[in-house]
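Visitor: Could you walk me through this one and tell me how the labels are earned?
Guide: Sure, have a look first.

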Amino acid sequence: MLQSLHVKNLALIKETEITLKDGLNILTGETGAGKSIIIGSVSLALGEKVPKELLREGDDTALVELVFFVENPKVLEKIRSLGIEAEDETVILSRKITAGRAIARVNGEAVSVSKLKEVASLLIDIHGQHEHQSLLSKKKHLEILDAYAKDALGDKKIRLSACFHEYQKLKKEWDSSNTDSEERARELSFLEYEVKEIEDANLLDNEDAILEEQYKKFANGKQIMDAVSMTYGATGGDGECASELIGRALRGLGTVSQYDEKLAGMEQSLTDIDNLLSDFNHEIASYLSEEEFDEEVFYQTEKRLDEINHLKSKYGSTIEEIKAAAEEKSKRIAVLRDYDTYLEKLRSSLDLKKRELDALCTEVSEIRQKEAGGLSDAIAQALEDLNFLDVQFSMEFRQTDYSANGTDEAEFMISTNPGEPVKPLAKVASGGELSRIALAVKTVMADTDEIPTLIFDEIDSGISGRTAQMVSQKMKLLAGTHQIICITHLPQIAAMADVHFLIEKSVENNETISRIHPLNEEESVQELARMLGGVEITDTVIQNAREMKALAQRITGE
């Protein structure tokens, strides 16, 4: 679960930290108090794009940090498979934002945004208005069904995807294989020329690197010899060189070293230097005597390098790639020389793969259609619990062309009025209905969903009265298996809170600042009264708030 949230220098928030609990965490506050900033800051920590205007005016850096405690062994295993160590089952996601960039970290280690998102997707799911809208997409309907049917599907979707890509590759090869005999003859002739060109070069492994080193030495031969000669002259040549000067110093020091131990030590050090310099001079003198510029060798080296670089420009950037190109071209030559046999094998492989793909598509489709009945019944029941009085819910299937996901297109169908036939969800549901349908789906999927923390951003959009009460009960039910963090305007939902937080805005030192803090029992009642009563909070409104709180406790058995 999400243990704590720390936000610093984001929009209206100077700095705040809240400790969250298991169960239902409710966040309420006046419009404009900063509720959207809380969700926005969490989204930032999960890897979403950083809007420039989100950095607090006058501050150079901002920080968002989320601390998770992970109890589910399966989730821990997935996190560790991403290379993240979770000591004491703790995972810390953070994002430091400056005017120029954002640095993402997981457990203190800098990571890419894609890695941050991958880890976050295992820990938390934000469900807001755009998720409601995603229910209007038929693609999303099939995703929900497959998640519901994951145990029945097993590894069949993975096998189907792999089979589809193999089939696609064979199909592409078959479509491009219909060439006439003259075109094949031209291709064969050209390939034979290319392979002969590579084979005639007799390339050796790492030959280019060796030749380039030799060429560099030859090309800079005069500069090398001038520098070496100058060095030898300075260290061991005739006249006042380093060797001569050190020898003179050594002889002078030797006349007095017997009178002082410190001088004797210095004499030994200078002797060691003299010996090292002597060895160096022998080595550099040998280099000068052995090295000489051979114009013919230089010419042959340059010519061979030109030949290799010409092949690189045509067949690959390394000798290994050139040789691999020759192998591929040789395989193609073998195909062209016996083209009828090749076509027969390709046709046979394509037919076999198509039959395998058809069988997998049929198997997956049958499982989907069977599981769709159970999913539809469960969602219909959840919708009745959310005050859809006479609802019919089902899934309609259509066949499409092959894809990595099979040949199914599935769509949620619904009727919310007696006597009306079911119609596509996108054509029927209003905004308020869509939010309830989203909650119903999330509730049904709770048993298959291993993500421990769910955030609902104003899921109460467009609902009120009895419907709001039933939504609150469904939210509380969901909080029995997940940690729920919910931003709401409805007192019916807020009354169900295990922990109730208030977000409020104030002006301090001519600055507008948003703060968030937990409410005790009496403070929670006062906040419910504000949500119920608006501008004027009377004793009657406060009493209604107390009754609402007491009713919520009776419903949940607390």
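**Two spots, explained**

Guide: Let's start with Gln 399, which is found in strand β9 (residues 392-403); strands here are DSSP runs of E with at least two residues, numbered from the N terminus. The model is predicted, so local features need pLDDT of at least 70, side-chain atom pairs count only at pLDDT 80 or more, and totals for chains, interfaces and linings use all residues. Residues are numbered from 1 along each chain as its sequence is written, and side-chain values use heavy atoms, leaving out hydrogens and water.

Visitor: Why is Gln 399 called exposed?
Guide: Exposed means over 50% relative accessible area, buried under 20%, and partly exposed in between (1.4 Å probe, protein chains only). Gln 399 has 56%, so it is exposed.

Visitor: What makes the link between the side chains of Gln 399 and Thr 407 a polar contact?
Guide: The cut-off is a pair of N or O atoms within 3.5 Å; within protein, one must be able to donate a hydrogen and the other to accept it, and residues adjacent in sequence count only if both atoms are side-chain atoms. Gln 399 and Thr 407 are joined at 3.0 Å, so that fits the limit. Another polar contact, of 3.2 Å, joins the side chains of Gln 399 and Asp 408.

Visitor: How do you know that strand β3 is largely enclosed?
Guide: In β3 (residues 24-28), 5 of the 5 residues are buried, so the rest of the structure largely encloses it. Leu 24, Ile 26 and Thr 28 point one way, Asn 25 and Leu 27 the other.

Visitor: What makes β3 and β13 a pair?
Guide: Pairing takes at least two DSSP bridges between strands. β3 and β13 (residues 483-487) run parallel with 4 bridges, so they pair.
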